[in-house]
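Open the model in your viewer and keep the selection panel at hand. We will go from one stop to the next, picking residues and looking at what surrounds them.

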Amino acid sequence: MASSVALVLMKASLPRRQRMDRPRRSPAAVQLVAGVDAADDMFGSLAGCPPRPLEYPVVPDLDDYDVDDAPVAGRPAPASDKTLAVHAGEKLGSGAAAAETDSIATPIVGGTTHWFRDSADLIAFREGRRRSFEYGRYGNPTVKVLEEKISALERAEATLVTSSGMNAIVATLLALVPPGGHVVATADCYSEARAFIRDKLSNMGITSTFVDLDDDMEALESVLDEGEVTMFYADSMTNPHLKVVDVTRVAELCHRRGALVCIDSTLASPINQKPLALGADVVLHSATKYIAGHHDVIAGCVSGSEALVSRIRTWHHDLGGAISPNAAYMIIRGLKTLALRVQAQNRTALRMAQLLEKHPKIERVYYPGLESSPWHGVATRQMAGAGGVVGLEVASDMRGAMRFVDALELPLIATSLGGCESLVQQPAIMSYWGKCDEEKAKNGIKDNFVRFSFGIEKFEDLRDDILQALGKI
């Protein structure tokens, strides 16, 4: 008995072996896993989704990778978005915040000021030979982990996380568009970004042109041909009509004339769309939405090349829009389930759009996952899923649409999108309240228009709730 106890104690005293290497998989195993996940895209048959039509083009799946990322003998297989969302910046990264700890969760480093051992240590930091931090407005270990995680998901060299999506937009425009520059933006980009470009940048000697890309690229080509353009700025998808910009085509046209391409990809999320891989120079997100995913933190981010993000970071330091370490930690935690959440939202939104498109009390449904959508073709080419937002026009007037919204029991009447809870809003009495009929008509906002942002609730529960609410019209 004594010897057996001693043996147990001896084993318990041995240090645990930590396995920090990346798991390797054979090419055959990678293909098998990719094949399984391919059925889980927005057009798949999982969770009761209708099977994908055979004539429908195959779109990139959540775990697809480029040819350059294909398995090579002696090199680990590339991590999927699901894996990167969990491990990038931590186990698969520099682990800046966790370097001195064995905690699975990234620690919250709350200190605003970092000290150096001696002058030589400081000089090594200044010369880039030592990785460290100096002051919270310039960087933070917890925030750095978040930036690396988003960079991995966007396939970007660098990412800057800011205190809000609007802060990321302003810092990007100020950094990349000099006085005398010219911004071409889509007429239906985010309203506050549109107002900043039109009203604020004009005071700095920057001109702007707004184009409508509903039909083709002729409007953009015409503006590009007229003179020098510094940047093309667009949302893809747009809010609330869910138009999809052909990023590859836009990038070809703009780069041919020396213009940068900036895409706000908030409504798509890094899971459904990767603008940098499609040719964009920078990609923006309101990280408040899908990236954080829980309606409890405000943040923004911008990703791109190291050269461009460094220029934006310099302006960001002056603007002072630093995100707190606590908020960064909450987003890191939220990102762990990003791929799972977006998959669920894709499936629910697609099934709901298909159902409502055939309902007699619905006049029109806006969702690029539908074959009836004018944006369906480009969406299948550049997106893995059409997201969780669905717009629709009720077969009634403003009062009828209000009765429909008020009869809903699960979706909450609220702005924003991308979180776990389903939300609903009637733009005519929310975001466009007080606007004149002319402005509403110009932006395609009808009194009977309703926008849903679907969360992760069970589809059948949401379906039954929406159907009973339609019966109240």
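Start by selecting α6 (165–176) and helix α7 (residues 191–200). They pack at an angle of about 30°, with their axes 10 Å apart; axes are lines fitted to C-alpha atoms, for helices over the stretch in contact, and angles run from 0 to 180 degrees between N-to-C directions. α6 and α7 are therefore roughly parallel to each other, a label for angles under 35 degrees, while those over 145 count as roughly antiparallel, 65 to 115 as roughly perpendicular and the rest as oblique. Helices (H or I, at least four residues) and strands (E, at least two) are DSSP runs, numbered from the N terminus.

Before going on, a word on the model: it is predicted, local features need pLDDT of at least 70, side-chain atom pairs count only at pLDDT 80 or more, and totals for chains, interfaces and linings use all residues. Residues are numbered from 1 along each chain as its sequence is written, and side-chain values use heavy atoms, with hydrogens and water left out.

Now show the side chains between the two helices. M166, I169, V170, L173 and L174 of α6 meet E192, A193, F196 and I197 of α7, where contact means heavy atoms within 4.5 Å. By class, this contact has eight nonpolar, no polar and one charged residues. Here Ala, Val, Leu, Ile, Met, Phe, Trp, Tyr, Cys and Pro count as nonpolar, Asp, Glu, Lys and Arg as charged, and the others, Gly among them, as polar.

Stay on α7. Which of its residues are buried? Select A193, R194, F196 and I197; buried means under 20% relative accessible area, exposed over 50%, partly exposed in between (1.4 Å probe, protein chains only). Seen down the axis of α7, these residues fall within an arc of 160°, so they line one face of the helix; the arc is that of the directions from the helix axis to the C-beta atoms. An α-helix has 3.6 residues a turn, so residues three or four places apart point the same way. Add the cover, which includes α6, β2 (182–186), β3 (207–211) and β4 (231–235).

Next, select helix α8 (residues 218–226) and helix α9 (residues 247–256), which pack at an angle of about 15° with their axes 10 Å apart. That makes α8 roughly parallel to α9. Light up L220, E221 and L224 of α8 along with R249, V250, L253 and C254 of α9, the residues that make the contact. It has five nonpolar, no polar and two charged residues.

Within α9, color V247, V250, A251, L253 and C254, which are buried. They cover an arc of only 170° around the axis, which puts them on the same side of α9. Their cover includes α8, β4, β5 (260–264), α11 (275–278) and α15 (376–382). Following α9 is G258, whose phi is positive, near 80°.

Two single residues come next. Is T348, in helix α14 (residues 338–357), buried or exposed? At 6% relative accessibility, T348 counts as buried. Leaving out residues up to four places away in sequence, T348 touches F454, E457, F459 and L462. K442, in helix α17 (residues 437–442), is exposed, with a relative accessible area of 73%. Draw a C-alpha to C-alpha distance from K442 to A187: it is 9.6 Å, with their positions 255 residues apart in sequence.

Finally, zoom out. The protein chain has 18 helices and 12 strands, and buried residues make up 51% of its 473 residues.
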